[in-house]
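User: Please take a close look at one pair of packed helices in this model. I should like to know how the two are arranged and which residues form their contact.

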Amino acid sequence: MSSANAFMREVNEDKLSEEGGSTDSDLSDIGLCTVSRHEYQYNSMLCHLFNREYEKAYECATSIIENGTVSYVNRLWTLRGVILSLLSKTAEAQLDFQEAINNDPSSQSFLKDRKPFTLQVFPEQSRLCARFPHIEFACEEFPSIVSVRVSV
């Protein structure tokens, strides 16, 4: 396991144990710093993505999309499409990109014009993660930069 994965697992598990072990709560939309299972999967997805473990990143993204709240699932289609492109699954990636364009207008400048894109999946106002720096990700398939933050 990479050090990034180990660190994020430790941070998320510590946060969950501090809060009584609840993984089903999602109070991020009202500003409470509760780490839900979806945020844990999102953080894990980022670790896998940065470690070039694209299949594992895809599994995490898919799990969030299939089980998450619509308000933040819509923002994940772009990133899952990028992951699919990295896995050379072009047809599936195009379906995700179309879903992103239909559901998240902010993704259009990245997908159509290849402009840098900041992905904010979970609400950040009044939360610790708003203080974290953005992590930039770029790859040959997408010369534009995608900026993300871990969610805690």
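Analyst: In this predicted model, helices α5 and α6 are roughly antiparallel to each other, because the angle at which they pack, about 165°, is over 145. Helix α5 covers residues 77-86 and helix α6 residues 90-103, and their axes lie 8 Å apart. The crossing of the two helices is left-handed. On the α5 side, the contact is formed by Trp77, Thr78, Arg80, Gly81, Val82, Leu84 and Ser85. Helix α6 contributes Glu92, Ala93, Asp96, Phe97, Glu99, Ala100 and Asn103. By character, the residues of this contact comprise six nonpolar, four polar and four charged.

Both helices also meet a further element, α3: the buried residues of α3 pack against α5 and α6, as well as against α2 (37-50) and α4 (70-73). These buried residues of α3 are Tyr54, Ala57, Tyr58, Cys60, Ala61, Thr62, Ser63, Ile64 and Ile65. Helix α3 itself spans residues 54-67, which is 14 residues, and extends 20 Å from its first C-alpha to its last, close to the 20 Å expected at 1.5 Å a residue.

As for the wider setting, the protein chain contains seven helices and three strands. From the N terminus on, its elements follow the order α-α-α-α-α-α-α-β-β-β. Of the 152 residues in the chain, 47% are buried. Among contacts with a separation of 6 or more, 55% come from residues 24 or more positions apart.

Methods:
Residues are numbered from 1 along each chain as its sequence is written. This is a predicted model: local features need pLDDT of at least 70, side-chain atom pairs count only at pLDDT 80 or more; totals for chains, interfaces and linings use all residues. Side-chain values use heavy atoms; hydrogens and water are left out. Axes are lines fitted to C-alpha atoms, for helices over the stretch in contact, and angles run from 0 to 180 degrees between N-to-C directions. Helices (H or I, at least four residues) and strands (E, at least two) are DSSP runs, numbered from the N terminus. Angles under 35 degrees count as roughly parallel, over 145 as roughly antiparallel, 65 to 115 as roughly perpendicular and the rest as oblique. A crossing is left-handed if the near helix is turned anticlockwise from the far one by less than a right angle, and right-handed if clockwise. Contact means heavy atoms within 4.5 Å. Ala, Val, Leu, Ile, Met, Phe, Trp, Tyr, Cys and Pro count as nonpolar, Asp, Glu, Lys and Arg as charged, and the others, Gly among them, as polar. The expected span of a helix is 1.5 Å times one less than its number of residues. Buried means under 20% relative accessible area, exposed over 50%, partly exposed in between (1.4 Å probe, protein chains only).
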